[in-house]
Amino acid sequence: MLVAKNIEFHYSPDQNFNIPDISLNQGEQLLILGKSGSGKTTILNMLGGLLKPLKGEVLIDGTSLYQLSGAALDKFRGKNIGIIFQKPHILSPLTVEENLRLANYFSKAKGDKNEVLLKDLGIFEKRKAKVNTLSEGEAQRVSIARALANSPKIILADEPTASLDDENAGKVVKLLKEQAEKFNAVLIIVTHDQRVKDHISNQITIGGEV
Ligand SMILES: Nc1ncnc2c1ncn2[C@@H]1O[C@H](COP(=O)(O)OP(=O)(O)OP(=O)(O)O)[C@@H](O)[C@H]1O
């Protein structure tokens, strides 16, 4: 389902990220641990079709992402990959519901799963609320709902627990796992947060001990 092989990348020649090969089947989960600055967001962006590696390739369902043209890659990403960014990519003046409909619109999905998704994530009762009136934990769940709105085969989450207290951090990881299991999707979480360690047993560490 998701394969990354022989990936090489650096922003400047004096840098070198050591990026291990990754191979995950449908429904498998992986935790990538790394200290701040170790390249976690960089890897996630490469796996998500947002940053072209200098060498190597990323294959999703046999499709080599960076062989696709820009427009085809955008379309492929919209259909297959859901990314939960470190800083929520949601529009705060809009309501929860409107944010989801916007995601549906961009991925041409019907939006028939929105209600179930909001219920699963415990934010259904907030659907008419503007995002800028939500707590950080609620806003994080909206950004998860948005990323999952088109039932992606690959779910990538960048430090999804960084700004959450213990209780909410645990909840968010559980929700991500449940949703991935429900859709039999690949789930990759990158984090430096030790609290996530106990939730996903398949782990790799980049850039030395965390
Ligand atoms: N666009 C860029 N141009 C140049 N250097 C960059 C760029 N983006 C990131 N870097 C550098 O690359 C390194 C890895 O960054 P990255 O954001 O991938 O790390 P990270 O592990 O996700 O860190 P954090 O946990 O703090 O978010 C850092 O040293 C960062 O300063």
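## Starting at a hairpin

Let's begin with two neighbouring strands: β4, covering residues 55–60, pairs with β5 through two bridges, and the pairing is antiparallel. On the β4 side, L59 sits across from S64 of β5, while I60 faces T63. The hairpin made by β4 and β5 has two residues between the strands, and D61 in that hairpin takes a positive phi near 55 degrees.

Keep in mind that this is a predicted model. The predictor's scores are an ipTM of 0.95 and a pTM of 0.91 for the complex. As for the chain, its pLDDT averages 90, and 99% of the residues reach at least 70.

## The antiparallel sheet

Where does that hairpin belong? β4 and β5 are part of an open, antiparallel sheet of four strands, which run in the order β2-β1-β4-β5. β2 (22–24) and β5 (63–64) are the edge strands, so to speak the outer lanes, each pairing on one side only.

On its other side, β4 meets β1 (residues 2–8), and five bridges hold this antiparallel pair together. One of the matches here is A4 with V58 of β4. In general, strands in a sheet pair through backbone hydrogen bonds, in either a parallel or an antiparallel way.

## The parallel sheet

There's a second open sheet to look for, and this one is parallel: five strands in the order β6-β7-β8-β3-β9. Its edges are β6 (81–84) and β9 (203–206), each with pairing on one side only. Going from one strand to the next, the twist averages 15 degrees.

Take a look at the β6 end. β6 and β7 (residues 154–158) run parallel and share four bridges, with I81 partnered by I154 of β7. Helix α5 (residues 136–148) packs on this sheet and touches both β6 and β7; the direction of α5 makes about 165 degrees with that of β6.

## Around the ligand

Which residues surround the ligand? They are Y11, G34, S36, G37, S38, G39, K40, T41, T42 and H192. Helix α1 (residues 40–47) supplies the largest share of this shell, with three residues.

What's the mix of residue types in the shell around the ligand? Eight are polar, one is nonpolar and one is charged.

## Some loop residues worth a click

Two residues that aren't glycines still have a positive phi. E159 is at about 45 degrees, and N184 is at about 50 degrees. You'll find E159 in the loop from β7 to α6 (166–182), and N184 in the loop between α6 and β8 (186–191).

Are these two buried or exposed? E159 counts as buried because 20 C-beta neighbours lie inside 10 Å. N184 is exposed, because just 12 other C-beta atoms lie within 10 Å.

K52 is another loop residue, placed between α1 and β4. With 13 C-beta neighbours inside 10 Å, K52 comes out as partly exposed. If you'd like to trace a span across the model, go from K52 to K128: these residues are 76 apart along the chain, and their C-alpha atoms are separated by 38 Å.

Methods: Residues are numbered from 1 along each chain as its sequence is written. This is a predicted model: local features need pLDDT of at least 70, side-chain atom pairs count only at pLDDT 80 or more; totals for chains, interfaces and linings use all residues. Two strands pair if DSSP finds at least two bridges between them. A residue is near a molecule or strand if its C-beta atom, placed from the backbone, lies within 6 Å of it. Ala, Val, Leu, Ile, Met, Phe, Trp, Tyr, Cys and Pro count as nonpolar, Asp, Glu, Lys and Arg as charged, and the others, Gly among them, as polar. pLDDT is the predictor's confidence in each residue, from 0 to 100. Axes are lines fitted to C-alpha atoms, for helices over the stretch in contact, and angles run from 0 to 180 degrees between N-to-C directions. Two residues are in contact if their C-beta atoms, placed from the backbone, lie within 7 Å.
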